[in-house]
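Please look over the sequence and the three-dimensional structure shown below before reading on. The report that follows takes up a set of annotated positions and then turns to strand pairing.

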Amino acid sequence: LSFSYSWVFVWEKGYQETDSVVSSVTTKVKGITVTNTSALGLRVWDVADYVIPPQGENTLFIMTNLIMTLNQTQGYCPELPDKTTLCNSSEDCTAGYIGTHSNGVQTGKCRKYSASVSTCEIYAWCPVENDTHLPRPAFLKDAENFTILVKNNIWYPKFNFTKRNILPSISTTYLKTCIYDPKTDPFCPIFRVRQFSGDGSFVCVYAVQGGVMGVQINWNCDLDKPASHCVPKYSFRRLDNKDSDHTVSPGYNFRFAKYYRDTSGTDSRTLIKAYGIRFDIMVFGKAGKFDIIPTMINVGSGLALFGVATVLCDIVVLYFMKKRYYYREKKYKYVEDYELGVNNTYGTQS
Amino acid sequence: LSFSYSWVFVWEKGYQETDSVVSSVTTKVKGITVTNTSALGLRVWDVADYVIPPQGENTLFIMTNLIMTLNQTQGYCPELPDKTTLCNSSEDCTAGYIGTHSNGVQTGKCRKYSASVSTCEIYAWCPVENDTHLPRPAFLKDAENFTILVKNNIWYPKFNFTKRNILPSISTTYLKTCIYDPKTDPFCPIFRVRQFSGDGSFVCVYAVQGGVMGVQINWNCDLDKPASHCVPKYSFRRLDNKDSDHTVSPGYNFRFAKYYRDTSGTDSRTLIKAYGIRFDIMVFGKAGKFDIIPTMINVGSGLALFGVATVLCDIVVLYFMKKRYYYREKKYKYVEDYELGVNNTYGTQS
Amino acid sequence: LSFSYSWVFVWEKGYQETDSVVSSVTTKVKGITVTNTSALGLRVWDVADYVIPPQGENTLFIMTNLIMTLNQTQGYCPELPDKTTLCNSSEDCTAGYIGTHSNGVQTGKCRKYSASVSTCEIYAWCPVENDTHLPRPAFLKDAENFTILVKNNIWYPKFNFTKRNILPSISTTYLKTCIYDPKTDPFCPIFRVRQFSGDGSFVCVYAVQGGVMGVQINWNCDLDKPASHCVPKYSFRRLDNKDSDHTVSPGYNFRFAKYYRDTSGTDSRTLIKAYGIRFDIMVFGKAGKFDIIPTMINVGSGLALFGVATVLCDIVVLYFMKKRYYYREKKYKYVEDYELGVNNTYGTQS
């Protein structure tokens, strides 16, 4: 028992006070890709185009696929066909109706959406977005070659200990060329987007529908050792749901718009439904340092446990052994009441 | 005493090691609203228009009211009238002066703001924004019908335990129609904006001036039980100040601009002072799991407390009872000094 | 020993249960500045221009310097000259090549960049950004006069205790004029940007290259005292690397673009490389409140430590003192085996 407690005390650092990490993260993405489609022609995409919002913080989004709806203006147009919007006559439509998945407010008219299909007319940003067919392979599938530099500054307030994930031992020239690798380059803070899909599913899964990837930086540190032993440990985890049977808005996407105004003052916009990878940089960890208080508490508890040994011995000797009556006689002193002359068992346990 | 300690040990889970939650949140808003004003005409607002910034993270902003200043260009115009900007002649104005609430830099001239009022001229984005009158009721008051889907993925690193707030027991069809309700649908992660104003004050208070609402997700889990017992608990709390007597920028608002460039290359912008509800999704919690170390520490402490009983008994018997001299005689053995033959009280306490 | 333990118990609040802070932050910047350059002419910059993204959350960015590349359109142009892009003939260039620092995809041609220099032609947003020369002094160096209002609402879930950093004792008129000062105004939540450069290096260092500044709010509270004693403590810390020898992307910057569309439907953009100060508002702290459980644990440990005194006494008396044989005789009772009549040392330690 005493051995195991000593082990616990030393191994689990029972003599240390602990503190939680306070962290700040900045990120920087590098990479260029080119697309060539009939709708958009030859087009180059750089950081300012695909990182949204442009400032990389704890959360960084890289667009890998998109549905662009050009030249939307406020006006009247037929709704996207689905169960609730199909109509044969204006009687199927309700003026003023807005459904959960509506793109606008119904006017009460029924209008041709295509040669064969009619849907309720709406007032909306027209034409409405048609997101039934996602580009496959992903429009910006070459995003897998982009690199992400993660800068992380941590602080343990209680010990006033700070450190950066760009370790002092790392040279500037190394940083210009290195790519993180758990075995060969565990302290290089530059990641390639492709790396985050362990099973090579980047192009097929991630890039098309998007996803959320956790980049976990673990700063567990024993501050009784030199500061150079306190180093970050990176790990990765997919945060959105992989199960295909749970498909309420699978992957990761959001909509945003670029607004334009022509010379006549008419507003128009380009609506973009952006699919891509959101990187959540999650920093956690605990630091420990020798401190007299937890030491005393744990030593105290440990001693109390040692006491158990004595108590257990006594119990065995006094209650379970054959000769227990004999030991009991020796163990307890019976105090004779000097007034009544009667045996009295205040019997202080000796 | 021993009973109470056992209770503490079991009830407060003294035998468990704990860990803090690491969390990732994504959000998605749905809803459409229509406005009809003389200035803007009939206009439909969708997600890309009122969610700013477009990507919902831990923090999500839904615009409910706004002051739009159209067609601002850099130029000269009279400042907004207030105590410090009113003037009778150019002598009341100081060229180059910029006050705390200025919209631009003063040129030193005095200029007519309206038929009756003159103010100092400034170089600024002109015309300057006039935010003295807020639209009442709120411009986008129908925002109360919008819905917010909150997806939350948590992780307890020490136990390598992950879970999502969309529980495995929830079906996809349920998710398509459910709305959170503390009693009937406590695990539905979809909220209606209206819900966040318990007292029905949405349209009157929140929507007009904006506010900050905390959506708290509590993941306190006992991991000794099956994982299915670890479920999120939602609660809501208003984070901005409700007291009307403390009105330094009450509610919640911020300014942003949409930039345009006409064919002659002149920059113009639409300045928007956006009022609305900022939702801060705050995830917290602790998980506990049986572990030998805290168990030993707490058992140790507990045993030491049992020891108190013995010590207290002794103290009572030896110092406070009438017959204390008699017990003391029995309790202590006086060691006779075999050299001097004198009573000596090394008296080891037995 | 017993004295020191009591001290530890009282001083370190061993009788308290603790909880970590849950926090929400909003920020608001005020300030106007004017620039006058040959490229842009006289220009005024307000909050909507230099706060990016416009909504201030935990992280707030104020632009202090920028490199603007006007009127970029997708097309062909020579790459920025550096070691890898200089060429003499088209044989030095590889069609389709994209390097780590490329601005676009090479076409395989060699083209004049200036009268004396030729570089490989690329398809990119043209003309490419030239960020070799940073404006010195910083373009928006007057940003040092801007003020930042930080609103912070904290919560200790375990004790259901909430508080705001705008203390109830602060009047609205005070808030309109005060500026934080560690000595005279320690509870004023309004900061001047200039303050964050203790050594007056704002204009020279920070404003030009940008940087990351941590605004730390410490909410350590003893909730056994009145709530009015629980107040925030502000401190500041530079988070980016100050060492000039470690210059992998020093300071803080990011790129974003404003997109325009002319009447013919051609997209153009203004690319801005924004340098500035990112303020990370980091809220941390622990609250403690009397609770029976930690009290019992710590009292237990303490008592166990008191026990050490007795044990140590015994050890000294029995093993190290000259007269030890005499005391041992008194301390242990030797139990005679009543069957064998032989001394037997089960000797229960008394």
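## Annotated positions and a sheet in two chains

The side chain of A:Asn253 makes a polar contact with the side chain of B:Lys28, at 2.5 Å; a polar contact is here a pair of N or O atoms within 3.5 Å, where, within protein, one must be able to donate a hydrogen and the other to accept it, and residues adjacent in sequence count only if both atoms are side-chain atoms. This is a predicted model, in which local features need pLDDT of at least 70 and side-chain atom pairs count only at pLDDT 80 or more, while totals for chains, interfaces and linings use all residues. Residues are numbered from 1 along each chain as its sequence is written, chains are lettered from A and ligands numbered from 1 in the order in which they are written, and side-chain values use heavy atoms, with hydrogens and water left out.

According to the unreviewed UniProt entry, the annotation "binding site" covers A:Lys28, A:Val29, A:Lys30, A:Thr147, A:Asn253, A:Phe254, A:Arg255 and A:Lys273. These positions span 246 residues in sequence and their farthest two C-alpha atoms lie 24.3 Å apart, so they do not all gather at one spot. Such annotations may be inferred rather than shown by experiment, and their positions are given in the numbering used here, with feature names shortened.

Two of the annotated residues are set side by side below; buried means under 20% relative accessible area, exposed over 50%, and partly exposed in between (1.4 Å probe, protein chains only).

| Residue | Strand | Relative accessible area |
|---|---|---|
| A:Lys30 | β2 of chain A (residues 22-30) | 31%, partly exposed |
| A:Asn253 | β14 of chain A (residues 253-261) | 11%, buried |

Leaving aside neighbours within four places in sequence, A:Lys30 is in contact (heavy atoms within 4.5 Å) with residues of two chains, namely A:Val47, A:Tyr50, A:Phe146, A:Thr147, C:Thr100 and C:His101. With residues up to four places away again not counted, A:Asn253 touches A:Lys273, A:Ala274 and A:Tyr275, as well as B:Lys28.

In chain B, an open sheet of 3 strands runs in the order β1-β16-β12, with mixed pairing. Its edges are β1 (16-20) and β12 (221-222), each with a single partner strand, so one side of each is left without a neighbour in the sheet. Strands are DSSP runs (E, at least two residues) numbered from the N terminus, and two of them pair if DSSP finds at least two bridges between them. In chain B, β1 and β16 (residues 286-290) pair in the antiparallel sense over 5 bridges, and B:Gln16 stands opposite B:Phe290 of β16.

Terms used:
Helices (H or I, at least four residues) and strands (E, at least two) are DSSP runs, numbered from the N terminus.
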